[in-house]
Amino acid sequence: MTSAGSDQDLRVRIADELQRARTRSALLTEAVDETELMRQHSPIMSPLVWDLAHVGNQEELWLVRDVGGREPVRRDIDDLYDAFKQPRRDRPALPLLRPDEARSYLVTVRDKVLDLLDGIRFDSRRLVSDGFAFGMIVQHEQQHDETMLATHQLRVGPPALAAPPPPPAVVSVSGEVRVPGSRFTMGTSTDPWALDNERPAHVVDVPEFFIDAAPVTNGEYLAFLTGGGYDNERWWSGPGWQHRQEAGLTAPLHWRHDGTEWGYVRFGRYSRLNLDEPVVHVCFYEAEAYAAWAGKRLPTEVEWEKAARWDPATGRSRRYPWGDADPGPEQANLGQRHLAPAPVGAYPAGASPLGVHQLIGDVWEWTSSGFEGYPGFTAFPYREYSEVFFGNSYRMLRGGSFGTDRSACRGTFRNWDLPIRRQIFSGFRCARDPRPEEIGA
Ligand SMILES: [Fe+2]
């Protein structure tokens with residue numbers, strides 16, 4: 001049961017989070033002209049204007065109609081913006097709302113949401129307790145904002161976005177961290193805006209392992225590339241090698257070689273490779289091949305989460321590597337403040353108690369795990385959020401990227417994608433089993 005005072009605090013917080021998401025959606029869609037908003041920049045991405053109206057449509061479905069019980073605003077467009085009914089490749093051919101129509105639709109929906117938020121009680125039913133449905137919609141919009149940022153990265157043309165560079169490295173971070181074997185509480189039953197696939201908290205016995213203190217850098221990845229890593233089948237899994245051949249992979253997406261040196265194109269600007277930054281835009285198969293070449297493997301999802309959340313002093317699982325407080329700019333490179341990963345060693349305040357750095361922010365990190373519900377999983381509020389994706393087709397990514405908002409990033413947050421995908425801001429770090437002489441040392 002929440003009190004009237006704390007209900008009011010939660011209303012203020014929700015309104016602020018909704019506004020923060022909307023400010024970012026506006027920035028990403030006002031940066032380019034109408035023609036570019038309607039254009040499909042890649043067959044695996046939606047036109048930006050589809051994302052924009054889809055965000056409004058989900059807000060209408062969940063908050064205006066379901067939570068608020070109000071009349072539909074635009075029931076006629078539900079099918080157009082249903083991600084399950086409209087494959088991405090087909091979206092540009094749909095009779096989509098034009099940019100000005102989409103924008104005014106979003107304003108109409110948001111006005112109704114703020115109106116119903118004013119009088120809401122957060123203890124009436126599960127969907128609204130602790131403001132869950134509002135939190136889900138905030139995270140949904142922020143997730144589409146990251147998708148729209150990835151569309152901007154795929155777009156061809158003069159730069160449209162700008163941001164200050166990430167902070168420099170202030171400490172030297174290298175090598176591996178030993179994580180002792182122990183029981184570990186994975187997932188959460190209490191984080192109010194955690195999604196169904198993060199629940200419930202459950203205890204897992206995790207044997208001792210080693211994990212890299214930092215994500216794999218461009219410099220390290222370049223050594224794999226120049227050492228012939230893309231040409232040697234022995235480092236690749238069967239499906240990985242097949243994909244490497246069919247897709248003609250020779251370097252991370254967006255890397256360019258000018259005849260002398262490697263660089264990359266970021267949001268329309270070319271620059272030389274920064275060797276100390278985490279590598280980004282690699283698919284799962286590339287991450288897996290690098291790990292094999294390095295004599296290691298990718299961490300499992302539970303290993304990643306234990307490295308990020310386990311407090312060796314108390315055995316408790318934290319919300320984040322540094323504790324339970326929400327991420328600030330000192331702890332992690334999140335929220336599109338910078339449009340690049342920060343060099344390794346830039347966030348000592350964000351390290352875990354065991355000394356694992358930059359788990360949160362910078363780059364999503366591939367793990368070796370497929371997508372399964374935790375023991376006791378129940379779909380909520382709808383099967384299509386997570387459950388329909390369960391199985392071995394996807395690989396889990398953890399930790400968020402520079403493009404992820406803090407509202408959609410926790411130590412428990414789970415992301416998934418196909419192992420061939422690399423338009424996302426994906427990198428990785430390696431792990432390994434202890435050698436016989438290291439066990440319990
Ligand atoms: Fe969506």
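In this predicted model, one helix-to-helix contact brings Leu-48, Trp-50, Asp-51, His-54, Val-55, Gln-58, Glu-59, Trp-62, Leu-63 and Val-67 of H3 against Ala-133, Phe-134, Met-136, Ile-137, His-140, Glu-141, His-144, Thr-147, Met-148, Thr-151 and His-152 of H5. Sorted by character, the residues of this contact are eleven nonpolar, seven polar and three charged. The axes of H3 and H5 approach within 10 Å, and the angle between them is roughly 175°. Because an angle over 145 degrees counts as roughly antiparallel, H3 is described as roughly antiparallel to H5.

Three histidines of this contact, His-54 from H3 and His-140 and His-144 from H5, also hold a metal. The iron ion is coordinated by the NE2 atoms of His-54, His-140 and His-144, at 2.1 to 2.2 Å. Along the chain, the donors of the iron ion follow the spacing H-x85-H-x3-H. His-54 lies in H3, which covers residues 48-67, and His-140 lies in H5, which covers residues 132-154, so this pair ties together parts that are 86 residues apart in sequence.

Are these two ligands buried or exposed, His-54 and His-140? The cut-off for buried is under 20% relative accessible area. His-54 has a relative accessible area of 4%, and so is buried. His-140, at 14% relative accessibility, also counts as buried.

H3 has a further partner in helix H4, residues 99-118; the axes of H3 and H4 come within 9 Å and cross at roughly 25°. Angles under 35 degrees count as roughly parallel, and H3 is therefore roughly parallel to H4. The crossing of H3 past H4 is left-handed. On the H3 side, the contact is made by Val-49, Leu-52, Ala-53, Gly-56, Asn-57, Glu-59, Glu-60, Leu-63, Val-64 and Val-67. On the H4 side, the residues are Pro-99, Ala-102, Arg-103, Tyr-105, Leu-106, Val-109, Arg-110, Lys-112, Val-113 and Leu-116. The residues of the contact of H3 with H4 divide into 13 nonpolar, two polar and five charged.

H3 residues Glu-59, Leu-63 and Val-67 appear in the contact with H4 and also in the contact with H5.

Between H4 and H5 the chain runs through a loop, where Phe-122 is found. Phe-122 has 1% relative accessibility, and so counts as buried. Phe-122 and Ser-189 are 67 residues apart along the chain, and their C-alpha atoms are separated by 18 Å.

Notes: Residues numbered from 1 in each chain as written. Predicted model: local features only at pLDDT ≥ 70, side-chain atom pairs only at ≥ 80, totals over all residues. Heavy atoms only, no water. Donors = N, O, S within 2.8 Å, 3.2 Å for Na, K, Ca; no water. Helix = DSSP H or I, 4+ residues; strand = E, 2+ residues; numbered from the N terminus. Buried < 20%, exposed > 50% of the residue type's maximum accessible area, 1.4 Å probe, protein only. Axes fitted to C-alpha atoms, helices over the stretch in contact; angles between N-to-C directions. Parallel < 35°, antiparallel > 145°, perpendicular 65-115°, else oblique. Left-handed = near helix turned anticlockwise from the far one by under 90°. Contact = heavy atoms within 4.5 Å. Nonpolar A, V, L, I, M, F, W, Y, C, P; charged D, E, K, R; others polar.
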